[in-house]
Amino acid sequence: MNIMTVSSDLDDTVLACADVMQALTFKPQLVIAGFNTHHDGALLQHQLAALDCPIMAGSSCLGALAIQQRTNAQPQTQAQAGLVLWALQDAHGSYGVGYCEQGDAPRHAAQQALEMALQQSGRDCESPALLWCVLPPGEEEQILQGFADTVGPNVPVLGGSSADNDVSGQWQQFNQHCCGHQLIQVAVFFPSAGLGLSFSSGYQPSGQQVKATQVQQRQLLELDGIAAAQRFNQLTGGSIEQQLQGGNVLSLTTLHPFGRRIAASAGTEEFLLSHPDAVTHDGGLSLFSEVEQGETLELMTGSIEGLVQRGERVLQNAIALLPSGQQPAGALMIYCAGCMLTIGDQVQAMAQHMAASTDIPIMGLYTFGEQGCFVDGQSRHGNLMISAVVFGQ
Amino acid sequence: MTQTQEELREALQLQNRLRQQAEAGRREAELMLKAMQAILEAADSAQLYEQIFALFSSLLDYQHALILEKQADNSLRCVAATDNAWLDQRWPLDQILQRALEGEPVAVVNARRQPAWQQAIGDETGALLYGPFSSQDREALLVFIHPQPGFYLQDHVQILRRYTRLTRQARLSFEAKLQALQSDELQRAKERAEQSLLHAEKMVSLGTLAAGVAHEINNPVGFISSNMQYIQEFSELSEDITQQLLLLLPPLMKGSDANATAASRLFEQLQQEEYLERCQELADVAKECSDGLNRIKDIINGLRTFARQDDSVSEPIDIHQCVQTTLRMVNNELKYHCTVNVQLQPTGQVLGSSGQLNQVLTNLLVNAGHAIEQQGTVTVASGRKQWPQGWFAYVSVADTGKGIASDDLKRIFDPFFTTKEEGKGTGLGLAICHSIIEKMGGWIEVDSQVGEGTRFTLWLPESAPPV
């Protein structure tokens, strides 16, 4: 299996495409791409069609992470490259990309996209080792359900929701055939070697719990019987005092998301996070993921330092979970855009930690929602999460 | 502090996952070994399938498990299943089944997605898992069925892949070992054939020589024997007459006439010459000569038998019957100083002369008895074995006697070679045995340890393979 990451920081889209394609040393079987929305997705799609292979791309907040394998020099690491291609060549594996406009029926659209990907892989009856998805933000839970309808609930789904640079809805997705803002895209992987998966938050439970007493889809209307924003403000020592009448709280809540307990092995727990992004006009909190009414939520705490170290640890966990005896060949990562924005300039340090910890090509996307698979084998949508999938040689 | 707690929690989770992986690996390895044992030890296919189904039930969940065998018309037929309702159902061979048959396990999300299953789908048919199955001479598949679509994952495929790899390696090793053994057997058979050829050439020369010598000696031995009979009879007559003379002469010696004088002279001469004693001695000498001539006749008869092996009879022989007959014949030779163990296992019929086989067995049993100087055991065993050239029956005669020195072992089938005291054996018995067995298409093996005993094993080709 050959995996290679190539990246370009050229602003000119055409030149950036030429730059990355020139750097490729083999004809890929599949390309996963990430890009900054300062590039036009349609133009990228047009230029990269020359690769003549399945492509699945999504926009990534302020660019994408690219770590190239060491050659003779130090690894070339770009924490926020304008365009990154992750190329794979695996003669004994099978791969396919499918897509479908989300429309009004995201679950059905997800089924359609996955069917297309399976058809393209040539193994449409079979259970893939992995689904890697690039989604539009907003209906991820429904989309995951659609995937499960097609291949069952146990096939691991990892990926992220496309992001723009300022949460203004400029995110984009494209593939070998088309480009859009609301495209559900999924790649099926039947690799010839094993995989190591890790999905984790970088947060600690604070010990404070609240009950979601009134919920409407992704809006928390009440917590513990009072307006959700007010209760959250109390719990966090007035962190959103100025926004209680409404407004964006994305950056103010990044270190205090809600967590839902997911039972893990041997009595341990994992937490699926939900990130409040705004206070609604009626004092509710809107989230980037769904919670159930009546569900108990844990207030989580995090730190910048923890988030900086986080990427490397998730990556190392995934490597450790490769099948016994297999060496890593490359990795795909998802790093929550909210976390990335929170650590600010330290994103460089985060990338350097990862690059220093292993010598494999890695691409990472900064996303507005993360899909991943916990130890219980169930794939979920969460926020402020980090995931890694490592491919064995 | 918070960071440390988080790290600890995560490290614990990772360790748990790694421990789970390791435990799953250990469980899987144990089951793989058991599966290997099942493959190698199963008495028949039915037992093998049952054991494999049972073993996999502790490795992965399934509602039903099947074995499908490829048929001449390219379909797959269910030959074993955890539920007999599946037996004899057929599936058309498609790409997925073909891939699995070729050695690549496959997890199918839902049987409804695979056209080959359209005729076989039941309420409990959801996810499918296929793996190639090591079958002796047919392409076969192991199939697991789970009611929940999407239940089987690539993890399950990996388990079957490891199982396939392991069993295939084991089978290859087993077959390589078998091949090596067969090569050894072939090499031994070749050496035996070469030795046999050399021996046969020697025997042909000796046979021709023996036949000529036997013929040439037989005539003079005949008239010498006849003359010796005459001499013996005449010496006995002379002795008789002399005794009468010695009784008759003394009364005639009384007087002075010429007759009395002649009688006295004859009496003295008879006494001086010890005529009576010499007549008696002549009778004894003649008897000894007759005994010697009888031995020469035995040798000539042996040589004739040896030279006459081409006159073979080819009739089906029941080896056990031959053994029983021979044991009755030699019972008197053995019963006073030997315990005879008979361990007869089934054999097929062989072709040849039962009289000649009896002769061989008699020779071996008598030799075994002679090898035991005081008390010992003679064991007669039989059985069958498949050699590269086909099925052979064997009869072995083993004694706990004095054994044969290794130098002598090389020569025991040579004519006139004997380790018995002079005059007690012709040295032709084993040569004749060897010749008879070779004519029947078999061979004789000898294992001997000085002081421990000797085993002769006759290998004879069976006239038909076992049913």
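Here is a walk through a predicted model of two chains, A and B.

A bit of bookkeeping to start: residues count from 1 along each chain as its sequence is written, and chains are lettered from A in the order in which they are written. Because the model is predicted, local features need pLDDT of at least 70 and side-chain atom pairs count only at pLDDT 80 or more, while totals for chains, interfaces and linings use all residues, and side-chain values use heavy atoms, with hydrogens and water left out.

Take chain A for starters. Its secondary structure has nine helices and 27 strands, where helices (H or I, at least four residues) and strands (E, at least two) are DSSP runs numbered from the N terminus. Of its 393 residues, 63% are buried, meaning under 20% relative accessible area (exposed is over 50%, partly exposed in between; 1.4 Å probe, protein chains only). Contacts are heavy atoms within 4.5 Å; among those in chain A between residues at least 6 apart in sequence, 79% join residues at least 24 apart.

Chain B has 467 residues, and 43% of them count as buried. It comes to 10 helices and 13 strands. With the at-least-6-apart filter on chain B's contacts, 64% link residues at least 24 apart.

Now zoom in on a helix pair in chain B. The axes of α8(B) (residues 354-371) and α10(B) (residues 429-439) come within 9 Å and cross at roughly 145°; axes here are lines fitted to C-alpha atoms over the stretch in contact, with angles from 0 to 180 degrees between N-to-C directions. Residues making this contact include B:Leu357, B:Val360 and B:Leu364 of α8(B), and B:Leu430, B:Ile432 and B:Ile436 of α10(B).

Elsewhere in chain B, B:Met253 sits in the loop between α4 (154-252) and α5 (258-272). Is B:Met253 buried or exposed? Neither label fits: B:Met253 is partly exposed, because its relative accessible area is 25%. Leaving out residues up to four places away in sequence, B:Met253 touches B:Ala260, B:Ala263, B:Ser264 and B:Phe267. Its C-alpha atom is 9.6 Å from that of B:Leu266, 13 residues apart along the chain.

Finally, the chains meet: 32 residues of chain B are in contact with 37 residues of chain A. The area buried between them is about 2,900 Å², with carbon and sulfur atoms giving 45%; that is the accessible area (1.4 Å probe) that the two parts lose on being put together, summed over both. On chain B's side, B:Glu10, B:Arg17 and B:Arg113 supply 22% of the area it buries against chain A, more than any other three residues.
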